[in-house]
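Hi everyone, thanks for coming. Today I'd like to walk you through one structure, step by step, so please have a look at it on the screen before I start.

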Amino acid sequence: MSKELTIDEVYRAQMVLRDVARHPKIIGPTQLSSSCNIYLKPENLQHTGAFKLRGAYYKISQLSDEEKAHGVIACSAGNHAQGVALGATHHGIKSLICLPAGAPISKIEATKRLGAEVCLVPGVYDDAYAKAIELKEKHGYTFVHPFNDPLVIAGQGTIGLEILEEMPRVQAIVVPIGGGGLIAGVAFAVKTLRPDIKVYGVQAAGAPSMAESLKSGKREHLDSVFTIADGIAVKEPGDLTLELCRKYVDEVVTVTDDEIAAAILALVEKQKLVAEGAGAAAVAAAMFGKLPIAGEDVVCVVSGGNIDVNTLNRVINRGLAKAGRVCQFELEVQDKPGILSNVLKVVGDQGANVLSVNHERIGSASQVNSCVLHLELETLNSEHIERIRKALADAGYATKD
């Protein structure tokens, strides 16, 4: 890289961002885990709905007049796009953003509203990156990398400074990882000033590029990525971010989409915070015991909240299922009067709320005089579901696997 990252650079970024970025106060302790004290650094409350504003704005602020005259180009799953758009517009320069065609509509429209021109590219982040490099060479734009740039990383590192200033007793900080810019900045700042504090990274199980790279000791390129956490769906980490993670990050773990969905639901219900998939990844790792943080004061970085409303609805339903808050039963019963009411009475006596009932006489029943009931229920948790299953079985209505 053309410039080495230093702690002075992070402090300079903090000065530049002082009146530009919000500095959301840490929330907590929360009731998100019974095994540790989870606190939240809510970067989803940032002006653009995500932490990316910090690094993008600082990078653009350091451009020369000649670079500003040519304009900037970037690629992004959405949040970096908004940060670059805001930073460029604030400095009065042109910005072109290459976005994956599948990026949430809310992020695309938000990027346009902030003054950027948008180029939609088929595929994922890495495809948008290739297109941005092509256009950079063709038109002479300055490329603002979403993570593999020391100035961008310095901007993200200001989050680490804020956590240390506000909560010096913190024992561990948990950070989501896509390409690694956020955790590289936070880990560098925190470990430089307080090497006793643990810094953990979290990736989606469907996009574990940094985790695999750290295991192998070299940058790994994934053939494909698939996760509801589109903000961290990156096929390959940067060389600079990998180097910093190897040096300053204590451990990187993965979480499933179901665990992310459950964390999104918990943040909505218990903290009244809307997080996107990437933003909830750190909370998911802490909630589901993926890290050695029992009994500790832990700050989870909620990196963003730019989730499409339709996606949020699907994710909440998935989170409810993961938490045992909704379930579905299929039962084959005799096709005669009174059976349905008997089944529903058993369910009602167990305190479940019936969301829907489907009574199917033709098709999947194995016996001529049988029918199949499909029940969708609102429940308390997984133990409640098993009590209902046992009560149905005791009443002669065994559920099908």
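Let's begin with an open sheet of four strands, which follow the order β4-β3-β2-β5 and pair in parallel. At the edges you'll find β4 (117-121) and β5 (142-143), and each of these pairs on one side only. One thing to keep in mind as we go: this is a predicted model.

Now let's zoom in on β3. Strand β3 covers residues 95-100 and pairs with β4 in the parallel sense, over five bridges. Which residue of β4 is the bridge partner of C98? That would be C119. Another such pair is L99 with L120 in β4. How does the chain get from β3 to β4? The path goes through α5, and this β-α-β crossover is right-handed.

Turning to the neighbour β2, we find that β2 and β3 are also parallel, with four bridges between them. Here V72 stands opposite S95 of β3.

So is β3 buried or exposed? Six of its six residues are buried, so β3 is largely enclosed by the rest of the structure. A handy general point: side chains in a regular strand alternate between the two faces of the sheet. In β3, both faces are covered, with S95, I97 and L99 buried on one side and L96, C98 and P100 buried on the other.

Among the helices beside this sheet is α4 (residues 79-90), which lies across β2 (72-75) and β3 and runs at about 175° to β3. Helix α5 (residues 105-113) packs on the sheet too, touching β3 and β4, and its direction makes about 150° with that of β4.

Let's move on to another sheet. Five strands form this open sheet, in the order β1-β9-β6-β7-β8, and the pairing is parallel. Why is one side of β1 (37-42) and of β8 left without a neighbour in the sheet? Both strands stand at the edges with a single partner strand each, so one side of each has no neighbour there. From one strand to the next, the twist averages 25°.

Follow β6 with me now. Strand β6 (residues 172-176) pairs with β7 in parallel over five bridges, and three bridges join β6 to the parallel strand β9 (residues 297-302). Residue I173 is a nice landmark: its bridge partner in β7 is V199, and in β9 it is V299. Helix α8 packs on the sheet, touching β6, β7 and β9, with its direction at about 175° to that of β7.

What about β7 itself? Of the seven residues of β7 (residues 198-204), six are buried, so this strand is largely enclosed by the rest of the structure. To reach β7 from β6, the chain passes through helix α8 (residues 181-193), in a β-α-β crossover that is right-handed. On to β8: strand β8 (residues 251-255) runs parallel to β7 and is joined to it by five bridges. One bridge pair here is G201 with V252 of β8.

Last stop: a helix pair. Helix α1 (residues 7-17) packs against α8 at an angle of about 115°, and their axes are 10 Å apart. The crossing of α1 past α8 is left-handed. Which residues make the contact? From α1 they are I7, V10 and Y11, and from α8 they are F188, A189, T192 and L193. Six of these contact residues are nonpolar, one is polar and none is charged.

That's the tour. Thanks for listening!

Technical notes: Residues numbered from 1 in each chain as written. Predicted model: local features only at pLDDT ≥ 70, side-chain atom pairs only at ≥ 80, totals over all residues. Heavy atoms only, no water. Buried < 20%, exposed > 50% of the residue type's maximum accessible area, 1.4 Å probe, protein only. Helix = DSSP H or I, 4+ residues; strand = E, 2+ residues; numbered from the N terminus. Pairing = 2+ DSSP bridges. Right-handed = clockwise from strand over helix to strand, strands pointing away. Contact = heavy atoms within 4.5 Å. Axes fitted to C-alpha atoms, helices over the stretch in contact; angles between N-to-C directions. Left-handed = near helix turned anticlockwise from the far one by under 90°. Nonpolar A, V, L, I, M, F, W, Y, C, P; charged D, E, K, R; others polar.
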